[in-house]
Amino acid sequence: MTFTSSSALAQGAQRGTHAFIERPALMLRAEDVRKTFTLHGQGGIGIEALAGVSLDVERGECIVLVGPSGAGKSTFLRCLYGNYLASGGSIAIRDEGAPLEHLEITGAAPHDILRLRRNVVGYVSQFLRVIPRVSALDIVAAPLVSRGVEEDEARERAQTLLARLNVPRRLWPLAPATFSGGEQQRVNIARGLIAQHRVLLLDEPTASLDAENREVVASLIGEARERGAAIVGVFHDEDTRVRVATRVLELTAPRTQTPLTAAA
Amino acid sequence: MNAPDTLRTTAAEVASHETQAVSGYNFAYLDEQTKRMLRRALLKAVAVPGYQVPFASREMPLPYGWGTGGIQVTAAIIGAKDTLKVIDQGSDDTTNAVNIRRFFARTTGVATTRRTSEASIVQTRHRIPESPLTDKQILVYQVPMPEPLFRLEPRVAECKKLHALADYGLISVKLYEDIVQHGSIATTYDYPVTVNGRYLTSPSPIPKFDNPKLHMNAALQLFGAGRERRIYAMPPYTPVKSLDFDDHPFEVERWDECCALCGSRESFLDEMIVDDSGKRMFVCSDSDYCHERREDIDARATNESGENA
Amino acid sequence: MTPLLSARALTKQYGGRNGCRDVSFDLYPGEVLCIVGESGSGKTTLLNTLALRTEADSGALHYTGANGETLDLRTLSEPRRRLLARTEWGFVQQNPRDGLRAGVSAGANIGEPLMAVGARHYGQIRHTAQQWMQRVELDAMRIDELPSAFSGGMQQRLQIARNLVTGPRLVFMDEPTAGLDVSVQARLLDLLRTLTTTLHLSVLIVTHDIGVARLLAHRLMVMQGGTVVESGLTDQVLDDPQHPYTQTLVASVLPV
């Protein structure tokens with residue numbers, strides 16, 4: 001048994017859609033996305049996390065996913081990013097220059113997904129994965145550097161963004177391991193937003209933030225939308241949701257099984 | 001080494017058969033098949049300058065390490081009409097030089113000489129004669145260790161590959177380390193050279209002073225290593241370059257003194273301690289060269305005094 | 001875009017078993033691929049086969065050089081293989097002593113690959129060696145010391161400098177952090193991460209340590225019993241493992 005991301009399950013999705021050509025504003029199309037986790041260590045028990053979610057996102061839209069805990073909101077975001085392998089359905093993201101102007105994430109070669117992540121899709125996860133010894137400034141500058149931006153310019157832009165998110169200047173040269181939850185989260189957000197990706201996936205970006213900083217994040221999201229970004233996000237607090245959403249998608253927990261834990 | 005000689009030979013004695021050829025030996029000691037094998041190896045060596053050709057080194061009547069390689073090469077090329085000179089560190093009079101010369105005289109009956117200019121074959125250990133050679137002459141070197149990478153890469157198979165692929169970074173590393181440790185390249189003899197722009201070669205333990213003479217030499221230069229069983233060659237007029245760095249170029253030794261006997265400032269000088277109080281004397285290493293210069297000086301002095309008289 | 005290195009059904013076995021079997025993947029410029037597995041999984045055999053240190057039994061292996069030419073690595077002549085190893089590839093050994101010359105100075109170790117491809121200016125070679133020592137966070141004043149004067153972690157960094165000085169496009173690493181103290185490991189991984197991104201290197205790393213993979217690699221291949229049981233983006237394989245063995249592996253990582 002070999003599992004690769006370019007496995008047979010993708011072959012069904014190879015047919016390709018013309019939607020991205022017909023609708024120039026379409027940035028992301030998810031069709032009937034299903035996700036089941038198979039836990040081999042527990043006798044092969046299957047946990048259905050998504051039971052068929054479909055979503056079209058256009059430029060300038062901010063879709064907020066709502067639903068009870070365990071409904072699969074985080075799971076869905078991760079599937080969109082390629083962090084989780086969808087078990088069924090298809091996910092396509094606009095990829096300029098590609099055949100039919102899009103890339104099917106489901107079944108794409110890792111190489112192509114990496115390219116898309118670098119150039120098109122940004123992701124703000126719930127938790128900052130801390131790399132030892134790297135300063136907050138360098139963490140935030142990294143997405144620009146990997147795109148080829150000069151280190152000095154990347155650092156400058158990182159500084160601007162960190163300042164805007166009220167991360168104290170004295171913390172910039174430090175590794176975030178010792179930061180508070182809220183400070184780490186703001187570094188995370190800065191890193192996710194700095195490259196101005198055209199598709200943004202935000203997983204609880206305001207969870208540990210106070211009202212002032214939630215407002216900053218909301219403005220940043222608003223600016224991204226104005227720039228034409230297509231955004232899909234999960235927000236726990238009502239205020240931010242109201243501020244940023246252009247549309248709401250409700251997810252319900254799959255009927256077939258009660259998940260043991262939120263599979264995020 | 002040049003001993004200040006008490007044996008001034010006259011012109012008549014210079015070219016002589018030291019003994020008659022002894023019967024019961026094939027010409028030049030080796031059988032004809034062996035000479036043929038050696039000549040094939042020599043042809044190959046000449047065809048690929050600097051490349052070490054393996055050969056079936058024979059047991060000679062002297063042990064390995066005493067010049068058997070050079071002797072086998074000379075035995076393969078010497079003919080009845082040749083005139084042979086043998087030197088050891090520049091001197092015709094050391095035990096080795098005398099014995100080898102006598103060996104060939106006995107087994108070939110060929111003429112021998114101490115005069116570089118009169119020899120058609122010069123066999124040498126560790127020096128090149130000061131007088132320039134002509135395209136009618138052959139210089140045969142005795143080589144102890146033909147492999148220039150020997151100390152750096154002890155694996156023989158790997159060494160062969162390095163030569164085959166011209167993968168010579170290693171020798172540069174050695175020279176680099178020399179400069180690190182000593183401020184300059186520390187090798188003073190057996191200084192590695194590149195022959196014909198291709199093979200890294202050991203010129204035998206000649207002092208680096210002699211390296212420039214290898215380059216574009218009119219004579220055929222043949223190298224024989226008996227114990228290691230390798231023959232190599234530098235055909236006449238072959239470019240031979242001593243290794244160096246662009247900013248640490250190759251340099252030869254220089255002396256403040258001149259030769260105490262002939263006054264030469266151009267030749268390689270040996271330093272000798274002449275008494276118990278440590279008094280030093282510098283003398284030409286090449287005995288024939290020194291001898292000739294002294295003859296010239298005497299001749300001119302005689303002419304002058306003749307004129308004055 | 002052509003892959004830098006391309007393997008199809010690559011197999012190398014010892015007496016019909018062990019080794020690696022039927023491995024296929026493409027590696028692109030600038031990608032770091034980690035091969036993860038426990039001892040006996042075949043990962044080191046795979047690495048050595050890819051780096052042409054061992055001859056494959058079957059399969060295809062292609063490399064696209066700096067000049068755009070695609071080479072069939074399995075039929076490459078020895079001289080070309082050695083030239084490739086000297087100019088476009090690097091190989092970092094697990095034990096730095098295997099990848100360094102013990103008898104010559106740090107500067108000579110770093111300078112040797114340059115001299116091997118024709119560098120002839122002592123001053124420049126030395127200067128380049130000093131720059132590289134700084135890059136790998138070694139004290140450039142120690143350029144004339146022997147490798148034995150450096151600690152294990154420093155020797156490993158010295159080995160990395162020696163491998164990177166010629167500007168290779170593809171670097172193979174065999175457990176580069178094994179045997180090092182945790183803090184030293186962290187420093188080395190940090191260095192590798194920075195170098196791989198700034199130099200746009202493609203790297204193939206073999207390791208048994210998932211943490212190393214998480215930190216350094218874009219892609220991951222999990223090996224068990226000689227075959228690749230799972231492969232994909234690092235974050236995907238570690239966050240959403242599909243294969244039973246991968247799930248066990250991920251679950252076994254000790255939490256900090």
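Three short exercises on this predicted model follow, each with a worked solution.

Residues are numbered from 1 along each chain as its sequence is written, and chains are lettered from A in the order in which they are written. Local features need pLDDT of at least 70, side-chain atom pairs count only at pLDDT 80 or more, and totals for chains, interfaces and linings use all residues, while side-chain values use heavy atoms, without hydrogens and water.

**Exercise 1.** Work out why helix H2 of chain A is largely enclosed.

- Helices are DSSP runs (H or I, at least four residues), numbered from the N terminus.
- H2 of chain A spans residues 73-81.
- Buried means under 20% relative accessible area (1.4 Å probe, protein chains only).
- 9 of its 9 residues are buried, so the rest of the structure largely encloses H2.
- Among them are A:Lys73, A:Arg78 and A:Tyr81.
- A:Gly82 follows H2(A), with a positive phi near 90°.

**Exercise 2.** Find what C:Leu215 is in contact with, leaving aside neighbours within four places in sequence.

- C:Leu215 sits in helix H7 of chain C, residues 210-216.
- Contact means heavy atoms within 4.5 Å.
- The partners are A:Ile131, C:Leu189 and C:Arg193.

**Exercise 3.** Locate the largest nonpolar core and the helix that gives the most to it.

- A nonpolar core is a set of buried Ala, Val, Leu, Ile, Met, Phe, Trp, Tyr and Cys residues joined through side-chain atoms within 4.5 Å.
- The largest has 65 residues; B:Phe245 and C:Trp132 are among those with the most contacts inside it.
- Helix H6 of chain B (residues 169-182) gives the most, with 6 residues.
- Another core, of 41 residues, lies apart from it and includes A:Val140 and A:Leu162.

How values were computed:
Helices (H or I, at least four residues) and strands (E, at least two) are DSSP runs, numbered from the N terminus. Buried means under 20% relative accessible area, exposed over 50%, partly exposed in between (1.4 Å probe, protein chains only).
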